[in-house]
Amino acid sequence: MNDSNLRERLVECGQLFHSRGWSVGTSSNYSAVRREDPLEITITVSGKDKGKLDVSDFVVVGQDGSPVQGESQKSSAETMLHVKAVQRLNAKSVLHTHSVWGTLLSDFFHEEDGFEISGYEMLKGLEGIPDHQSSIWVPIFENTQDIPALADEFENYLANHPDRKCYGYLIRRHGLYTWGKDVFSARRHIEVFEFLFEVIARRMMMTNIPSPIRLA
Ligand SMILES: [Zn+2]
C-alpha cells in the first residue's frame with residue numbers, strides 16, 4: 001500500500017474511532033509503516049480533530065521518531081511508542097485511542113499491573129487467537145509525560161514475558177495502544193479491545209446492582 005493509501009485508511013480510522021467516542025477532543029494518534037529500510041512511519045500530526053483528519057494531517061518520521069528531512073509538521077509526543085511497537089513486534093500499523101471504558105479499566109486494575117480477558121467470542125478477532133476459550137493479558141503502565149521512560153517500560157515488559165503474546169496495552173487513566181500487520185488488522189484490534197473493555201466494565205457494574213424486579 002502506498003503512502004497516500006495508508007493516509008486514507010488512517011483517516012477512515014479517525015472517522016470511525018471519533019464517531020464511537022474513542023478518539024475525542026484531538027486525542028489519540030495513528031500510524032503506519034510506509035517504508036521498511038530505512039524505517040519510515042507515517043503518523044498523525046499533533047493536535048488535530050481525529051474525526052476530521054485530512055491526508056495532509058500526517059508527518060513522516062524515521063526510526064528515532066523525528067520527522068524526516070523536508071517535513072515541517074510536528075508529530076505527537078507519543079511517537080516513540082509507535083516506533084517501539086514497530087521495531088519490537090514487527091507491527092505495520094499502530095493505533096491509539098482514549099476511550100471511557102479503557103480509561104476506567106486502566107485505573108481499576110492498575111495495582112495488578114493489568115488484567116486477563118478470557119472466554120469471549122470477540123477474542124477471535126485478535127490475530128492468531130483460535131477460539132473463545134483463549135485468554136490474553138492486557139498490561140497496564142503508569143501514565144507519564146516521560147515518553148522514553150514509558151517506551152522503556154513497554155520494552156522491559158516484552159523482555160520479561162517472552163511467553164506471553166502482547167496484543168496491546170493500556171496506559172493508566174490514558175488509553176489503549178494496539179497494532180497489527182496492516183492498518184485493517186490494527187483497526188480490528190482497536191474494535192475488539194474497545195468492545196471487550198466495555199463488556200468487562202459494564203459487567204463489573206452489573207454485579208453491584210440488585211436483581212431485576214420481577215412481575216408478581
Ligand atoms: Zn494518548
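## Buried residues and strand β7

A residue counts as buried if 20 or more other C-beta atoms lie within 10 Å of its own. With that in hand, have a look at strand β7 in this predicted model. Gly 168 and Leu 170 point one way from β7, Tyr 169 and Ile 171 point the other way, and all are buried. This fits a common pattern: in a regular strand the side chains alternate between the two faces of the sheet.

The neighbouring strand β6 is mostly covered too, with five of its seven residues buried. Two bridges join β6 to β7, and these strands run parallel. If you want a landmark for this pairing, find Phe 141, which stands opposite Ile 171 in β7.

## The sheet as a whole

Zooming out, β6 and β7 belong to an open sheet of eight strands, ordered β3-β2-β1-β4-β8-β7-β6-β5, with mixed pairing. The edges are held by β3 (58-61) and β5 (114-118); each has a single partner strand, so one side of each is left without a neighbour in the sheet. On average, neighbouring strands are turned by 20° against each other, direction ignored.

Strands of a sheet pair through backbone hydrogen bonds, either parallel or antiparallel. Both edge strands here are of the antiparallel kind: four bridges join β2 (residues 40-44) to β3 in antiparallel fashion, and five bridges join β5 to β6, again antiparallel. At the first of these edges, Thr 44 stands opposite Phe 58 in β3. At the other, Gly 114 has Pro 139 of β6 as its bridge partner.

## Helices on the sheet

Which strands does helix α4 touch? Helix α4 (residues 147-160) packs on the sheet against β6 (135-141) and β7 (168-171), and its direction makes about 150° with that of β6.

Helix α5 (residues 183-206) also packs on the sheet, touching β1 (29-35), β4 (93-97), β5, β7 and β8 (175-180). The direction of α5 makes about 145° with that of β8.

## Partners of helix α5

Two packed helices are described by the angle between their axes and the distance between the axes. For helix α1 (residues 3-19) and α5, the angle is about 10° and the axes are 10 Å apart. Angles under 35 degrees count as roughly parallel, so α1 is roughly parallel to α5. Their crossing is right-handed. On the α1 side, the contact is made by Leu 6, Arg 9, Leu 10, Cys 13 and Phe 17, and on the α5 side by Val 183, Arg 187 and Ile 190.

Helix α3 (residues 100-108) packs against α5 at an angle of about 60°, with axes 8 Å apart. That angle makes α3 oblique to α5. The crossing of α3 and α5 is left-handed. Here Trp 101, Gly 102, Leu 104 and Leu 105 of α3 meet Glu 194, Phe 197, Glu 198, Ile 200 and Ala 201 of α5.

## The nonpolar core

How many residues make up the largest nonpolar core? It has 50, and those with the most contacts inside it are Leu 10, Leu 81, Ala 85, Val 86, Val 94, Tyr 169 and Leu 170. Helix α5 supplies the largest share of this core, eight residues. You have already met Tyr 169 and Leu 170, which point opposite ways from β7, and Leu 10, part of the α1 contact with α5.

Val 94 is a good residue to click on. Leaving aside residues up to four places away in sequence, Val 94 touches Ser 31, His 82, Ala 85, Val 86, Tyr 177, Trp 179 and Ala 186.

Terms used:
Residues are numbered from 1 along each chain as its sequence is written. This is a predicted model: local features need pLDDT of at least 70, side-chain atom pairs count only at pLDDT 80 or more; totals for chains, interfaces and linings use all residues. Two strands pair if DSSP finds at least two bridges between them. Axes are lines fitted to C-alpha atoms, for helices over the stretch in contact, and angles run from 0 to 180 degrees between N-to-C directions. Two residues are in contact if their C-beta atoms, placed from the backbone, lie within 7 Å. A nonpolar core is a set of buried Ala, Val, Leu, Ile, Met, Phe, Trp, Tyr and Cys residues joined through C-beta atoms within 7 Å. A residue is buried if 20 or more other C-beta atoms lie within 10 Å of its own, exposed if 12 or fewer, and partly exposed in between; C-beta atoms are placed from the backbone. Angles under 35 degrees count as roughly parallel, over 145 as roughly antiparallel, 65 to 115 as roughly perpendicular and the rest as oblique. A crossing is left-handed if the near helix is turned anticlockwise from the far one by less than a right angle, and right-handed if clockwise.
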